[in-house]
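The exercises that follow are meant for someone meeting this structure for the first time. Each one sets a task and then works through a solution step by step.

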Amino acid sequence: MADKVFCITSGKGGVGKSTVTGNLATALASKGYKVVAIDADIGLRNLDLILGLENRIVYDIVHVIEGACTVEKALVKDKKTKNLYLLPAAQTKDKSAVKPEDLVKIVEELRKKFDFIFIDSPAGIEDGFKTAVAPADRVLIVTNPEMASIRDADRVVGLCENMGKGEPKLIVNRLDPKKVARGDMLDADEVVEILGLELIGTVPEDKNMVSYINKGEPAVLFEDSIAGKALRNISERLLGKNVPFLKLDYNESFLDKLKKLLGGE
(Lines give C-alpha, C1' and ligand atoms only; values in the text may rest on other atoms or scores of the structure.)
Protein backbone atom coordinates (compact mmCIF):
# COMPACT_ATOMS: atom_id res chain seq x y z
CA MET A 1 0.00 0.00 0.00
CA ALA A 2 1.32 3.48 -0.84
CA ASP A 3 2.39 5.77 1.96
CA LYS A 4 -0.33 8.11 3.14
CA VAL A 5 0.88 9.27 6.58
CA PHE A 6 4.01 11.42 6.43
CA CYS A 7 5.90 12.85 9.41
CA ILE A 8 8.02 15.89 8.56
CA THR A 9 10.89 16.23 11.00
CA SER A 10 14.39 17.68 11.17
CA GLY A 11 16.30 17.38 14.41
CA LYS A 12 17.34 21.03 14.35
CA GLY A 13 14.73 23.75 14.75
CA GLY A 14 14.24 26.63 12.35
CA VAL A 15 14.95 24.74 9.13
CA GLY A 16 11.47 25.29 7.65
CA LYS A 17 9.82 22.04 8.71
CA SER A 18 6.40 23.54 9.41
CA THR A 19 6.53 25.54 6.19
CA VAL A 20 7.25 22.37 4.21
CA THR A 21 4.43 20.55 6.02
CA GLY A 22 1.86 23.25 5.30
CA ASN A 23 2.89 23.56 1.67
CA LEU A 24 2.88 19.83 0.89
CA ALA A 25 -0.54 19.46 2.52
CA THR A 26 -1.87 22.43 0.53
CA ALA A 27 -0.36 21.19 -2.73
CA LEU A 28 -2.03 17.78 -2.51
CA ALA A 29 -5.35 19.26 -1.35
CA SER A 30 -5.22 21.60 -4.35
CA LYS A 31 -5.02 18.53 -6.58
CA GLY A 32 -8.29 17.26 -5.15
CA TYR A 33 -7.02 14.91 -2.45
CA LYS A 34 -8.57 15.10 1.01
CA VAL A 35 -5.72 16.08 3.31
CA VAL A 36 -5.28 16.76 7.03
CA ALA A 37 -2.22 18.43 8.54
CA ILE A 38 -1.57 17.64 12.20
CA ASP A 39 0.48 20.03 14.30
CA ALA A 40 2.31 17.81 16.80
CA ASP A 41 4.47 20.61 18.15
CA ILE A 42 2.52 20.89 21.40
CA GLY A 43 3.01 24.26 23.12
CA LEU A 44 4.78 25.83 20.12
CA ARG A 45 2.29 25.56 17.28
CA ASN A 46 3.01 27.38 14.02
CA LEU A 47 1.25 25.37 11.36
CA ASP A 48 -1.97 27.37 11.91
CA LEU A 49 -0.10 30.58 11.04
CA ILE A 50 1.42 29.12 7.90
CA LEU A 51 -2.03 28.04 6.71
CA GLY A 52 -3.70 31.27 7.85
CA LEU A 53 -6.07 29.46 10.20
CA GLU A 54 -4.97 30.87 13.56
CA ASN A 55 -8.20 32.80 14.15
CA ARG A 56 -10.47 29.83 13.54
CA ILE A 57 -9.18 27.41 16.18
CA VAL A 58 -11.66 26.37 18.84
CA TYR A 59 -10.45 22.92 19.86
CA ASP A 60 -7.05 21.27 19.57
CA ILE A 61 -5.48 17.83 19.68
CA VAL A 62 -5.24 17.78 23.49
CA HIS A 63 -9.00 18.45 23.73
CA VAL A 64 -9.48 15.33 21.59
CA ILE A 65 -7.22 13.22 23.83
CA GLU A 66 -8.94 14.51 26.98
CA GLY A 67 -12.34 13.63 25.53
CA ALA A 68 -13.58 17.22 25.42
CA CYS A 69 -14.50 16.85 21.73
CA THR A 70 -14.30 14.43 18.82
CA VAL A 71 -11.45 14.62 16.35
CA GLU A 72 -13.92 15.75 13.66
CA LYS A 73 -15.00 18.65 15.84
CA ALA A 74 -11.39 19.73 16.43
CA LEU A 75 -10.56 19.85 12.72
CA VAL A 76 -10.34 23.32 11.17
CA LYS A 77 -11.42 23.44 7.53
CA ASP A 78 -9.39 25.66 5.24
CA LYS A 79 -11.70 28.01 3.36
CA LYS A 80 -9.11 28.89 0.70
CA THR A 81 -8.11 25.35 -0.22
CA LYS A 82 -10.91 22.86 -0.60
CA ASN A 83 -10.22 19.45 0.97
CA LEU A 84 -7.59 20.77 3.42
CA TYR A 85 -8.03 20.45 7.20
CA LEU A 86 -5.84 21.25 10.21
CA LEU A 87 -5.73 19.48 13.57
CA PRO A 88 -4.08 22.17 15.70
CA ALA A 89 -1.63 21.68 18.54
CA ALA A 90 -2.46 22.96 22.01
CA GLN A 91 -0.81 26.26 22.83
CA THR A 92 -0.95 26.01 26.63
CA LYS A 93 0.19 22.42 27.20
CA ASP A 94 3.59 20.77 26.90
CA LYS A 95 4.68 17.83 24.77
CA SER A 96 3.92 15.31 27.54
CA ALA A 97 0.20 15.97 26.93
CA VAL A 98 0.28 13.74 23.81
CA LYS A 99 1.71 10.22 24.03
CA PRO A 100 2.67 8.11 21.00
CA GLU A 101 -0.34 5.84 21.53
CA ASP A 102 -2.65 8.89 21.60
CA LEU A 103 -1.43 10.11 18.22
CA VAL A 104 -1.48 6.62 16.73
CA LYS A 105 -5.14 6.28 17.76
CA ILE A 106 -6.08 9.65 16.27
CA VAL A 107 -4.24 8.96 13.01
CA GLU A 108 -5.84 5.53 12.65
CA GLU A 109 -9.25 7.19 12.88
CA LEU A 110 -8.28 9.85 10.33
CA ARG A 111 -6.80 7.29 7.90
CA LYS A 112 -10.32 6.09 7.11
CA LYS A 113 -11.44 9.55 6.02
CA PHE A 114 -8.43 11.21 4.41
CA ASP A 115 -6.21 10.48 1.42
CA PHE A 116 -3.11 11.96 3.04
CA ILE A 117 -2.04 12.93 6.56
CA PHE A 118 0.93 15.18 7.28
CA ILE A 119 2.35 15.39 10.82
CA ASP A 120 4.49 18.39 11.73
CA SER A 121 7.03 17.13 14.28
CA PRO A 122 8.58 19.31 16.98
CA ALA A 123 12.32 19.96 16.71
CA GLY A 124 14.72 17.81 18.70
CA ILE A 125 14.89 14.10 19.33
CA GLU A 126 13.01 13.88 22.61
CA ASP A 127 9.57 12.51 23.42
CA GLY A 128 7.69 14.96 21.17
CA PHE A 129 9.65 13.77 18.15
CA LYS A 130 9.04 10.11 19.00
CA THR A 131 5.31 10.80 19.37
CA ALA A 132 5.14 12.54 15.98
CA VAL A 133 6.97 9.74 14.19
CA ALA A 134 5.02 6.87 15.79
CA PRO A 135 2.03 6.76 13.37
CA ALA A 136 4.00 7.62 10.20
CA ASP A 137 4.24 5.40 7.14
CA ARG A 138 7.15 7.49 5.90
CA VAL A 139 9.42 10.09 7.49
CA LEU A 140 10.58 13.12 5.52
CA ILE A 141 13.65 14.83 6.94
CA VAL A 142 14.09 18.54 6.24
CA THR A 143 17.56 20.00 6.49
CA ASN A 144 19.26 23.21 5.49
CA PRO A 145 22.56 22.85 3.58
CA GLU A 146 24.67 23.66 6.66
CA MET A 147 26.64 21.32 8.89
CA ALA A 148 24.75 21.95 12.16
CA SER A 149 21.45 21.12 10.50
CA ILE A 150 22.89 18.09 8.71
CA ARG A 151 24.45 16.69 11.88
CA ASP A 152 21.10 16.90 13.71
CA ALA A 153 19.35 15.32 10.73
CA ASP A 154 21.82 12.44 10.88
CA ARG A 155 20.79 11.75 14.48
CA VAL A 156 17.17 11.60 13.36
CA VAL A 157 17.96 9.11 10.60
CA GLY A 158 19.34 6.60 13.09
CA LEU A 159 16.44 7.05 15.48
CA CYS A 160 13.87 6.55 12.73
CA GLU A 161 15.53 3.31 11.67
CA ASN A 162 15.63 2.13 15.30
CA MET A 163 11.90 2.84 15.51
CA GLY A 164 11.29 0.59 12.51
CA LYS A 165 10.28 3.45 10.21
CA GLY A 166 12.70 2.53 7.45
CA GLU A 167 14.92 4.98 5.67
CA PRO A 168 13.59 8.54 5.63
CA LYS A 169 13.56 10.64 2.47
CA LEU A 170 15.39 13.94 2.33
CA ILE A 171 14.31 17.49 1.57
CA VAL A 172 17.07 20.11 1.33
CA ASN A 173 15.46 23.44 2.14
CA ARG A 174 16.57 27.05 1.61
CA LEU A 175 19.35 26.27 -0.83
CA ASP A 176 20.91 29.45 -2.21
CA PRO A 177 22.51 28.78 -5.65
CA LYS A 178 24.55 31.98 -5.40
CA LYS A 179 26.15 30.86 -2.12
CA VAL A 180 26.73 27.39 -3.57
CA ALA A 181 28.49 28.92 -6.59
CA ARG A 182 30.72 30.95 -4.27
CA GLY A 183 31.57 27.89 -2.22
CA ASP A 184 29.85 29.32 0.87
CA MET A 185 27.13 26.66 1.02
CA LEU A 186 26.95 22.92 0.40
CA ASP A 187 24.96 21.85 -2.64
CA ALA A 188 22.21 19.23 -2.50
CA ASP A 189 24.48 16.46 -3.83
CA GLU A 190 26.95 17.04 -0.99
CA VAL A 191 24.15 16.86 1.59
CA VAL A 192 22.90 13.63 0.03
CA GLU A 193 26.41 12.17 0.12
CA ILE A 194 26.79 12.98 3.84
CA LEU A 195 23.40 11.66 4.93
CA GLY A 196 23.12 8.80 2.44
CA LEU A 197 19.39 9.35 1.92
CA GLU A 198 17.22 9.49 -1.17
CA LEU A 199 16.58 13.10 -2.13
CA ILE A 200 12.91 13.84 -2.77
CA GLY A 201 13.28 17.58 -3.25
CA THR A 202 15.44 20.67 -3.07
CA VAL A 203 13.69 23.91 -2.17
CA PRO A 204 15.57 27.07 -3.13
CA GLU A 205 15.71 30.24 -1.08
CA ASP A 206 12.73 32.43 -1.97
CA LYS A 207 12.74 36.12 -1.05
CA ASN A 208 8.95 36.12 -0.79
CA MET A 209 8.67 33.21 1.64
CA VAL A 210 8.55 35.39 4.77
CA SER A 211 5.72 37.39 3.22
CA TYR A 212 3.78 34.23 2.35
CA ILE A 213 4.15 32.96 5.92
CA ASN A 214 3.15 36.28 7.48
CA LYS A 215 0.02 36.38 5.31
CA GLY A 216 -0.84 32.72 5.95
CA GLU A 217 -0.64 31.94 2.24
CA PRO A 218 1.38 28.82 1.32
CA ALA A 219 3.92 29.38 -1.46
CA VAL A 220 2.50 26.50 -3.53
CA LEU A 221 -0.52 28.68 -4.27
CA PHE A 222 1.67 31.13 -6.22
CA GLU A 223 2.72 30.09 -9.71
CA ASP A 224 5.60 32.57 -9.77
CA SER A 225 7.17 31.29 -6.54
CA ILE A 226 10.30 29.23 -7.21
CA ALA A 227 10.03 27.62 -3.76
CA GLY A 228 6.34 26.96 -4.39
CA LYS A 229 7.19 25.18 -7.65
CA ALA A 230 9.82 23.04 -5.91
CA LEU A 231 7.31 22.11 -3.20
CA ARG A 232 4.62 21.28 -5.76
CA ASN A 233 7.14 19.00 -7.46
CA ILE A 234 7.81 17.22 -4.14
CA SER A 235 4.08 16.65 -3.71
CA GLU A 236 4.02 15.05 -7.18
CA ARG A 237 6.88 12.74 -6.20
CA LEU A 238 4.93 11.68 -3.09
CA LEU A 239 2.28 10.50 -5.55
CA GLY A 240 4.93 8.34 -7.24
CA LYS A 241 5.38 10.57 -10.27
CA ASN A 242 8.76 11.01 -11.90
CA VAL A 243 9.21 14.78 -11.85
CA PRO A 244 12.56 16.30 -12.89
CA PHE A 245 14.38 18.36 -10.27
CA LEU A 246 14.56 22.11 -10.83
CA LYS A 247 17.83 23.39 -12.25
CA LEU A 248 19.17 25.69 -9.56
CA ASP A 249 22.46 26.70 -11.17
CA TYR A 250 23.52 30.27 -10.50
CA ASN A 251 24.48 32.33 -13.52
CA GLU A 252 26.57 35.31 -12.55
CA SER A 253 25.06 38.51 -13.93
CA PHE A 254 26.94 41.41 -15.45
CA LEU A 255 26.12 43.43 -12.33
CA ASP A 256 27.61 40.74 -10.07
CA LYS A 257 30.77 40.65 -12.18
CA LEU A 258 31.01 44.43 -12.01
CA LYS A 259 30.64 44.35 -8.22
CA LYS A 260 33.52 41.88 -8.00
CA LEU A 261 35.73 44.10 -10.18
CA LEU A 262 34.94 47.03 -7.90
CA GLY A 263 35.84 44.98 -4.84
CA GLY A 264 32.29 44.39 -3.66
CA GLU A 265 30.53 41.11 -2.93
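Helices, of at least four residues, and strands, of at least two, are DSSP runs numbered from the N terminus. With these labels, G11 can be placed in the loop between β1 and α1. The model is a predicted one.

**Exercise 1. Describe the surroundings of G11, and state whether G11 is buried or exposed.**

Step 1. The cut-off for a buried residue is a relative accessible area under 20%. G11 has 10% relative accessibility and therefore counts as buried.

Step 2. Leaving out residues up to four places away in sequence, G11 touches A123, G124, D152 and V156.

Step 3. A distance along the chain can be set beside a distance in space: G11 and I150 are 139 residues apart in sequence, while their C-alpha atoms are separated by 8.7 Å.

**Exercise 2. Find where S10 lies, and list what S10 is in contact with beyond its sequence neighbours.**

Step 1. S10 is found in the loop between β1, which spans residues 5–9, and α1.

Step 2. The relative accessible area of S10 is 1%, and S10 is buried.

Step 3. From its side chain, S10 reaches the backbone oxygen of K12 at 2.6 Å.

Step 4. When neighbours within four places in sequence are set aside, the contacts of S10 are V15, K17, V142, D152, A153 and V156.

**Exercise 3. Work out which parts of the chain are tied together by the salt bridge between D120 and K17.**

Step 1. Searching the whole structure gives 15 salt bridges. One of them joins D120 to K17, with the closest N and O atoms 3.6 Å apart.

Step 2. D120 belongs to strand β5 (residues 116–120) and K17 to helix α1 (residues 17–30), so this pair ties together parts that are 103 residues apart in sequence.

Step 3. Both ends can then be checked for burial: D120 is buried, at a relative accessible area of 0%, and K17 is buried as well, at 7%.

**Exercise 4. Set out the burial of the partners in two further salt bridges, R45 with D48 and E205 with R174.**

Step 1. R45 and D48 meet through their side chains at 3.6 Å, N to O. R45 is buried with a relative accessible area of 16%, and D48 counts as buried at 6%.

Step 2. The side chains of E205 and R174 form a salt bridge at 3.2 Å, N to O. E205 sits in the loop between β8 (198–204) and α10 (209–215), whereas R174 is in strand β7 (residues 169–175), so parts 31 residues apart in sequence are tied together.

Step 3. E205 is partly exposed at 34% relative accessibility, and R174 is partly exposed with a relative accessible area of 39%.

Step 4. Elsewhere, K31, E236 and K241 are joined into one network by salt bridges that share partners.

**Exercise 5. Identify which residues touch the most other members of the largest nonpolar core.**

Step 1. In soluble globular proteins, nonpolar side chains tend to be buried together.

Step 2. The largest nonpolar core has 46 residues, and those touching the most other members are I38, I61, L87, L110, I117 and I119. Helix α7 (residues 147–162) supplies the largest share of this core, 5 residues.

Step 3. For I119, leaving aside neighbours within four places in sequence, the contacts include V5, F6, I38, L103 and P135.

Step 4. There is also a second, separate core of 34 residues, and among its members are I8, I57, I200 and V203.

Conventions: Residues are numbered from 1 along each chain as its sequence is written. This is a predicted model: local features need pLDDT of at least 70, side-chain atom pairs count only at pLDDT 80 or more; totals for chains, interfaces and linings use all residues. Side-chain values use heavy atoms; hydrogens and water are left out. A salt bridge is a side-chain nitrogen of Lys or Arg within 4 Å of a carboxyl oxygen of Asp or Glu. Buried means under 20% relative accessible area, exposed over 50%, partly exposed in between (1.4 Å probe, protein chains only). A polar contact is a pair of N or O atoms within 3.5 Å; within protein, one must be able to donate a hydrogen and the other to accept it, and residues adjacent in sequence count only if both atoms are side-chain atoms. Contact means heavy atoms within 4.5 Å. A nonpolar core is a set of buried Ala, Val, Leu, Ile, Met, Phe, Trp, Tyr and Cys residues joined through side-chain atoms within 4.5 Å.
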